[in-house]
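Q: Please take a close look at the side-chain pairings in this model, beginning with the cysteines. I would like to know which residues pair up, how the geometry looks and how exposed the partners are.

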Amino acid sequence: QILRNALGGNHPQVGRALLLLASVYERQGPKITPHGTSKDDVELELYVDALEPLKATLGNVHDDVGFLYVKIGYLYGKKGDRNMALLAYKAALKAYGEPSFCLSPEDVHPEVVSVWVRVTEHLVEIKSMSEAVVAGQRALYLLRLTKDSLFRGAKLNNHSGDASVGSASTTAVRTSKKSPIQINSTTYYPSLFTTLQCLGQAHTALVQYPLAKEACLESLQMAWEIALATQDTALPYNPLSPSATKPKNQAVIDSILQVIRALKRLGKVHLLETHYNDALQCFLPCLQLLRSSKDMECTLDAASVLGSLGFLHLKMQRFMEASNFLKECLRLYRRNGVNQNDRETRKVQAWLHMAEAKEAESDSAPPPFLEIPTIIFHGENDGLMVGNGHSFPDGRNHGGDIHESDKKFYKNMSKNDGNVDIEFGKLNIRGNDEIVPENYYKDDVSADVVSNESGQYEL
């Protein structure tokens, strides 16, 4: 405050003092933050106050200004304010000179790649899918462009103590500023996976199913590779020191969850395309993976997969299976404390009511027809013929004229106190105490004829 009063609010010295104080809070915040005040809130306020002095000194387009905007965006993201975070990240991109048309990985600032990934995530979270596709494609391009230089820089950094590695590039790697979101060799593949998943979600929302499927398939392949690599490095459980194995085993669980979410995302695309068998091949492995671990079998991820399976079986008209999956989904929602009036809960309840109603309706319906012989009506005096030569239980093959007793049977089948509707394929025939006149037909008419347990024939 003394510097502000003496030099003015936009003096460079004021900006440097604010940044220094913010860095102290960043490292020692919990120890020095006043009671009842959030460390992040104090830090954010200091960074915002430092913006104007810094821009007045360095201009709007400068790496240090961009870096400050990145930190502000990160803190807003931690608070859950996605819109303010997006404003800060977009300002950071402008300060770094984005979008640029550089073709060399060395010309891309490492923070820029990270910012594009975060922008893509936040745009998907606020349902701005068209912008998310643009941002995601840019993030994907930069991630692939800078991959080799990123891992090469990490290798140089690991060997920085070697006397043979003393180049300027090594010094740059060691001394460059790094924000909390900057992508490194450890977080590169998870960032690439997240970007592909966001692109898949955005394309799905925009009904661009081929593009969504492409992004989902690539993210699924990457998730499997990450899971297998993580599994190889996992430590066996040590009962004498369980805490030592927990971080490694948690990493395995996280990698399996990535596979599950990738499968579920791909399954949703198949479901929306009405490729139900393909969707089933995605959702069932999800459930198997979740139930393979006690840590995951009762989670909200499991409930979500069960809900998707219930809806899929509802669309496939397998109502009993749909009811079972949806009931289990609701049970896990209750177990995890999901509000009964939550939108997802209400949606699953509506699916369950529909499945139960359809199941009850199918239970009360007559059994399905088993045979479809073709009944040919000839002239008035020619009688009835079964064109496909089907034999009935009385031993007579009706490839020729049907007996008079059978004609009476067909006549009696339509008897009722009122009018009776008999549906033959797409042709509705209406009769009242008698079968329709033979001369009504000019072509073959398909009818369903089956034999019940007593040997009688039923339409």
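A: A disulfide here is a pair of cysteine sulfur atoms within 2.5 Å. With that cut-off, the structure holds zero disulfides. C286, for one, is in no disulfide, and the nearest cysteine sulfur, that of C282, lies 7.2 Å away. C286 is also buried, at 0% relative accessibility (buried means under 20% relative accessible area, exposed over 50% and partly exposed in between, with a 1.4 Å probe and protein chains only).

Before going further, please keep in mind that this is a predicted model, where local features need pLDDT (the predictor's confidence in each residue, from 0 to 100) of at least 70 and side-chain atom pairs count only at pLDDT 80 or more, while totals for chains, interfaces and linings use all residues. Residues are numbered from 1 along each chain as its sequence is written, and side-chain values use heavy atoms, leaving out hydrogens and water.

Now to the charged side chains. There are 13 salt bridges (a side-chain nitrogen of Lys or Arg within 4 Å of a carboxyl oxygen of Asp or Glu). One of them joins E131 to K90, at 3.3 Å from N to O. Here the sequence positions are worth a look: E131 sits in helix α7 (residues 129–158) and K90 in helix α5 (residues 82–95), so this salt bridge ties together parts that are 41 residues apart in sequence. (Helices, H or I of at least four residues, and strands, E of at least two, are DSSP runs numbered from the N terminus.) Both partners fall in the middle class of exposure: E131 is partly exposed at 40%, and K90 is partly exposed too, with a relative accessible area of 35%.

A second site brings three charged residues together. R343 and E344 form a salt bridge of 3.4 Å, N to O. E344 has another salt bridge, with K347, where the closest N and O atoms are 3.1 Å apart. E344 and K347 are three residues apart in helix α15 (residues 343–364), which separates them by about one helical turn. Through the shared partner, R343, E344 and K347 become one network of salt bridges. Their exposure is as follows: R343 is exposed at 57% relative accessibility, E344 is partly exposed at 30%, and K347 is partly exposed at 29%.

The aromatic side chains come next. The model has four aromatic pairs (rings of Phe, Tyr and Trp, the last by its six-membered ring, with centres within 6.5 Å; planes under 30 degrees apart are stacked, over 60 edge-to-face and the rest tilted). In one of these, the ring centres of Y188 and Y189 are 5.1 Å apart with the planes at 85°, so the pair is edge-to-face. The two tyrosines fall in separate exposure classes: Y188 is buried at 1% relative accessibility, whereas Y189 is partly exposed at 30%. Another pair is F311 with W351, whose centres are 4.5 Å apart and whose planes meet at 35°, so the pair is tilted. This pair links distant parts of the chain, with F311 in helix α13 (residues 300–315) and W351 in helix α15, 40 residues apart. F311 is partly exposed at 23%, while W351 counts as buried at 18%. Returning to the tyrosines, Y188 and Y189 form one aromatic cluster with F151.

T204 makes a good last stop among the side chains. T204 lies in helix α9 (residues 188–205) and is buried, with a relative accessible area of 10%. Leaving aside residues up to four places away in sequence, T204 touches Y209, A212, V269 and L272, where a contact means heavy atoms within 4.5 Å.

For context, the protein chain has 16 helices and seven strands, and 39% of its 459 residues are buried. Of the contacts with a separation of 6 or more, 56% are between residues 24 or more positions apart.

Finally, a word on confidence. The mean pLDDT of the protein chain is 75, and 62% of its residues reach 70 or more. Residues 161–175 have pLDDT below 50, and this stretch has twelve contacts in the model beyond near neighbours in sequence. Over residues 413–459, pLDDT stays under 50 as well, and the model has 86 contacts for them beyond four places in sequence.
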